[in-house]
Amino acid sequence: RFQQRYCVYDGFAAGTETDPILFYTGNESPLEQYINHTGLMWELAPELKAKIVFVEHRYEGQSLPPTNLTKDCMSYGSTIQALAD
């Protein structure tokens, strides 16, 4: 387990339990570098009355798993692992 950074914006959501969620799994960079540069998310959310969730990809920014992993630790940086996070 590790601390993973994320950001939730609900300013466009209707405030119901069934609000859609647009989920962005992150780039190969820290969260603050791409959160305001993902136009489609910000364009669609008001139309859909959706929440937006951005998650920083593991091994990027401050979302760092323990450093005592094996030499193959980057195998945990896959898309499958990102979705599992």
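## A tour from the aromatic cluster to the sheet and core

Begin by selecting Tyr9, Phe12, Tyr24, Trp42 and Phe54, which ring pairs link into a cluster. Keep in mind throughout that this is a predicted model. The count of aromatic pairs comes to five, and two of them are worth displaying in turn.

Show Phe12 and Trp42 first: their ring centres lie 6.2 Å apart and their planes stand at 75°, so the pair is edge-to-face. Because Phe12 belongs to the loop between E1 and E2 while Trp42 sits in helix H2, this pair ties together parts that are 30 residues apart in sequence. With a surface switched on, Phe12 counts as partly exposed at 27% relative accessibility, and Trp42 is likewise partly exposed, with a relative accessible area of 25%.

Now move to Tyr24 and Phe54, an aromatic pair that is tilted, with 5.6 Å from centre to centre and 50° between the planes. Since Tyr24 lies in strand E2 and Phe54 in strand E3, this pair, too, ties together parts that are 30 residues apart in sequence. Both Tyr24 and Phe54 are buried.

Next, hide the side chains and look at the strands, three of which form an open sheet in the order E1-E3-E2 with mixed pairing. Its edge strands are E1 (6-9) and E2, each of which pairs on one side only, and the twist averages 10° from one strand to the next. E1 and E3 pair in the antiparallel sense over four bridges, and Val8 has Val53 in E3 as its bridge partner. Helix H2 packs on this sheet, touching E1, E2 and E3, and its direction makes about 165° with that of E2. On the other side of E3, the pairing with E2 is parallel over four bridges, and here Lys51 of E3 is the bridge partner of Ile21.

Bring back the side chains of E2, where Leu22 and Tyr24 point to one face and are buried, whereas Ile21 and Phe23 point to the other and are not.

Finish with the largest nonpolar core, selecting its ten residues: Leu22, Tyr24, Leu31, Tyr34, Ile35, Met41, Ala45, Ala50, Ile52 and Phe54. Strand E2 (21-24), helix H1 (31-34), helix H2 (39-48) and strand E3 (51-55) each supply at least two residues of this core. Centre the view on Phe54 and display its contacts; beyond four places away in sequence, Phe54 touches Arg5, Tyr6, Cys7, Tyr24, Leu31, Tyr34, Ile35, Thr38, Met41 and Trp42.

Methods:
Residues are numbered from 1 along each chain as its sequence is written. This is a predicted model: local features need pLDDT of at least 70, side-chain atom pairs count only at pLDDT 80 or more; totals for chains, interfaces and linings use all residues. Side-chain values use heavy atoms; hydrogens and water are left out. A nonpolar core is a set of buried Ala, Val, Leu, Ile, Met, Phe, Trp, Tyr and Cys residues joined through side-chain atoms within 4.5 Å. Buried means under 20% relative accessible area, exposed over 50%, partly exposed in between (1.4 Å probe, protein chains only). Contact means heavy atoms within 4.5 Å. Two strands pair if DSSP finds at least two bridges between them. Axes are lines fitted to C-alpha atoms, for helices over the stretch in contact, and angles run from 0 to 180 degrees between N-to-C directions. Rings of Phe, Tyr and Trp (its six-membered ring) pair if their centres lie within 6.5 Å; planes under 30 degrees apart count as stacked, over 60 as edge-to-face and the rest as tilted.
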